[in-house]
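Let's take a walk through this fold, one piece at a time. Have a look at the picture, and then we'll trace how the parts fit together.

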Amino acid sequence: MVVRLRLARFGRKNSPFYRIFAADARCPRDGRHLEQLGHYDPIPGKDGNKSLGLNIERIQYWLSVGAQPSQTVARLLGQAGVIPKPPQGLGRGVVKNPDKYQKK
């Protein structure tokens, strides 16, 4: 069973709130999960900061047994200092070999 650390969306329309879960990679985004590991609120509060809460001990456990974080969770964990920051620029929409797609 491949375990992924990923976000599940909660909240209402135009007001998202995410929970960080350890889940089987075959399950849907908001489907069955193994354990809740934290939360992330991307809407800045009155102080202008976004809210991130992590259970670092359990995250480190899941990483030690081979769980793979999604790109977004890896970015959040890198900003929190739990894992090294992932390299930037290889996310969605970035062409790895731009010469292949140039017009001739």
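Before anything else, a word on pairing: two strands count as paired if DSSP finds at least two bridges between them. With that in hand, keep in mind that what you're looking at is a predicted model.

Start with the overall parts list. The chain has 2 helices and 5 strands, and, reading from the N terminus, the elements come in the order β-β-β-β-α-β-α. The chain is 104 residues long, and 29% of them count as buried.

Now for the strands. S1 covers residues 3–12 and S2 covers residues 15–24; they run antiparallel and are joined by 10 bridges. To see one spot along this pair, find Val3, which sits opposite Asp24 in S2. The two strands make a hairpin with 2 residues between them, and Asn14 in the turn has a positive phi of about 65°.

S1 also has dealings with S5: those two run parallel, with 2 bridges joining them. Here Arg4 stands opposite Gln68 in S5.

Over at S3 (residues 35–41), the pairing with S4 is antiparallel again, over 4 bridges. One place to look is Asp41, whose bridge partner in S4 is Ser51.

Put the strands together and you get an open sheet of 5 strands, ordered S4-S3-S2-S1-S5, with mixed pairing. S4 (51–54) and S5 are the edge strands, each pairing on one side only.

What about the helices? H1 (residues 56–64) packs on the sheet and touches S1, S2, S3, S4 and S5, with its direction at about 120° to that of S3. H2 packs on the sheet too, touching S1, S2, S3, S4 and S5, and its direction makes about 95° with that of S1.

Let's finish by zooming in on one residue. Where is Ser70 found? Look in the loop between strand S5 (68–69) and helix H2 (71–80). Is Ser70 buried or exposed? Its relative accessible area is 16%, so Ser70 is buried, the cut-off for that being under 20%. And which residues does Ser70 contact, once you leave aside its neighbours within four places in sequence? They are Arg4, Leu5 and Arg6.

One last look at the whole chain: its accessible surface comes to about 7800 Å², with 49% of that belonging to carbon and sulfur atoms. As for contacts between residues at least 6 apart in sequence, 30% join residues at least 24 apart.

Technical notes:
Residues numbered from 1 in each chain as written. Predicted model: local features only at pLDDT ≥ 70, side-chain atom pairs only at ≥ 80, totals over all residues. Heavy atoms only, no water. Buried < 20%, exposed > 50% of the residue type's maximum accessible area, 1.4 Å probe, protein only. Contact = heavy atoms within 4.5 Å. Axes fitted to C-alpha atoms, helices over the stretch in contact; angles between N-to-C directions. Areas by Shrake-Rupley, 256 points an atom, 1.4 Å probe, with all protein chains shown as cover.
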